Amino acid sequence: MLGVVGLSMIIVVVLKFISPLPSLQAQEQDLQGRLARLDSKRGKFLIVSDRIKNISSILSGRIDYFQKIDTIVNQLPTDIAISSFSIDKANLQMTVRSSSLTSLNTFIDRLLELTGEKKIFTKVILNSLSLDTKTNKYSLSIEGNLL
Amino acid sequence: MNDKNKKVNIDNVSFKLIYQRNKDFLLSVVAIFLSVFLFFQFVLPQISELQAMSEEEKAVKERIEVLNYNFQFFNQMDSQNLDQDLLTASSALPIQKDFAGVLVAVSQAAGAAGVGLDDFSFRVGDLSTPSGTLVVNQVPAIEIELTIRGDIVKAKGFIQKLSQALPLSDVVIVQTSGQTSTIATNFYYRPFPPLIKFDDKIKSRDLTPTDRDLLTKLMQWRDNALVVSVNQATPSSQLTPTPTATPTPTTVPVVSNTPAPTQP
């Protein structure tokens, strides 16, 4: 039994002696040193990656006002003019003027269609419809909740 | 009671007798005790140490694999392309409040959309705070309120051009009244981190195809802006844009957790 224990001790010592760990650690240090020479590149790459991530986030969160305004403006019959227009992330307020009630009605119908299709609006509210007797033009004020 | 207090006297003769009778047996017992002692005192700790060495060896091998991969990855990376990518990304998201770049972008967008610029005012943020910055979606931004001469259709064109201008912007509000439109826009920037630390335990991943596409798109926007800038370089230009106003990143603050390079 004593012999077995002695033999075990010798085997363990030999195994420790022939372990590749020291050479692996030296190799690791050497690689770290070589990689440290590329720190400038690594730093630049990290910054590019970080910036790309932020840019993607900004672009994905950006509201396409061009498309929204374009869609709304394209619904306007030719004889309707925009008096005022205000759009932000969630709301749209606009006042249009026209001498034709039929055209205004067409415009409202088109907006309602857009609301039904859930393309731009979730809700459209007709705030007021008035007539300016001096110019003989109707003024339509609407408000919409944007998607 | 008396049995417990009874003393036993063994004289030398008796002791020798007992020893002679159990001599072989005693030697074995001593050998067993010695073996057990040696096993627990020396062999077992050595085996534990060997196991720890084996685990460390495995960990070092994994780290070497990652280091090797990272070394190959960065060694093969083209420096010029990387500088170009950094320049493009920093044009889109400057490292500081790039007022000149913002004015150039606004001016170019106005020129491209064919609208005239009136007033503009910057809102930099609360200067009483340590950062003194307006932060939108966790990215610092400068808010600028622009007034352009044009109806909603012109404003729409301006917004489209501005969305493709660098530095990156994000329109917040558009208000039009008659022939005047006011557009509030956030222009983003992102300072370099004070220190960059590398994690040598993670393999570096190249940019994804989506990231590459995005960089290409940004590069196109930047190039388009330069073309517009050259075409606009006339005495009538309102803000006299310059071809490049973006601060160029020259040095990157790097702190490595790796040892300093050894001289060959």
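In this predicted model, helix H4 of chain B takes in residues 152-163, twelve in total, and spans 16 Å from its first C-alpha to its last, close to the 16 Å expected at 1.5 Å a residue. A good part of H4(B) is tucked away: Ile152(B), Ala155(B), Lys156(B), Gly157(B), Phe158(B), Ile159(B) and Leu162(B) are buried. These buried residues pack against elements from two chains. Chain A supplies helix H4 (65-74) and strand S1 (81-87), while chain B itself brings helix H3 (99-113) along with strands S3 (139-149), S4 (169-177) and S5 (180-188).

Turning to charged pairs, the structure holds 14 salt bridges over all chains. One of them brings the side chains of Arg63(B) and Glu28(A) together at 2.5 Å, N to O. Arg63(B) sits in helix H1 of chain B and Glu28(A) in helix H2 (residues 21-36) of chain A, so this pair joins two chains. The partners differ in cover: Glu28(A) is buried, with a relative accessible area of 8%, whereas Arg63(B), at 25%, counts as partly exposed. The pair also has company, as Glu28(A), Glu56(B) and Arg63(B) are linked in a network of salt bridges.

Another salt bridge is formed by the side chains of Arg42(A) and Asp200(B), 2.8 Å apart from N to O. This pair, too, crosses between chains, running from helix H3 (residues 39-61) of chain A, where Arg42(A) lies, to the loop between strand S6 (196-197) and helix H5 (209-232) of chain B, home of Asp200(B). Here both ends are out of the way: Arg42(A) counts as buried at 2% relative accessibility, and Asp200(B) does so at 8%.

The loop between S6 and H5 of chain B turns up again with Lys203(B), whose side chain meets that of Glu65(B) in a salt bridge (3.3 Å, N to O). Glu65(B) belongs to helix H1 of chain B, so the pair ties together parts that are 138 residues apart in sequence. Lys203(B) is partly exposed, with a relative accessible area of 28%, and Glu65(B) is likewise partly exposed, at 47%.

Finally, there is a greasy spot on the outside. A nonpolar surface patch of about 600 Å² is made by Met1(A) together with Ile32(B), Val36(B), Phe39(B), Phe40(B), Leu44(B) and Ile47(B). Val36(B), one of these residues, lies in helix H1 (residues 12-76) of chain B. Patch residues need over 30% relative accessible area, and Val36(B) is partly exposed at 33%.

Definitions and conventions:
Residues numbered from 1 in each chain as written. Chains lettered and ligands numbered in written order. Predicted model: local features only at pLDDT ≥ 70, side-chain atom pairs only at ≥ 80, totals over all residues. Heavy atoms only, no water. Helix = DSSP H or I, 4+ residues; strand = E, 2+ residues; numbered from the N terminus. Expected span 1.5 Å × (residues − 1). Buried < 20%, exposed > 50% of the residue type's maximum accessible area, 1.4 Å probe, protein only. Contact = heavy atoms within 4.5 Å. Patch = residues over 30% accessible without salt bridge, like charges linked within 9 Å, V, L, I, M, F, W, Y side chains within 5 Å. Areas by Shrake-Rupley, 256 points an atom, 1.4 Å probe, with all protein chains shown as cover. Salt bridge = Lys/Arg side-chain N within 4 Å of Asp/Glu carboxyl O.
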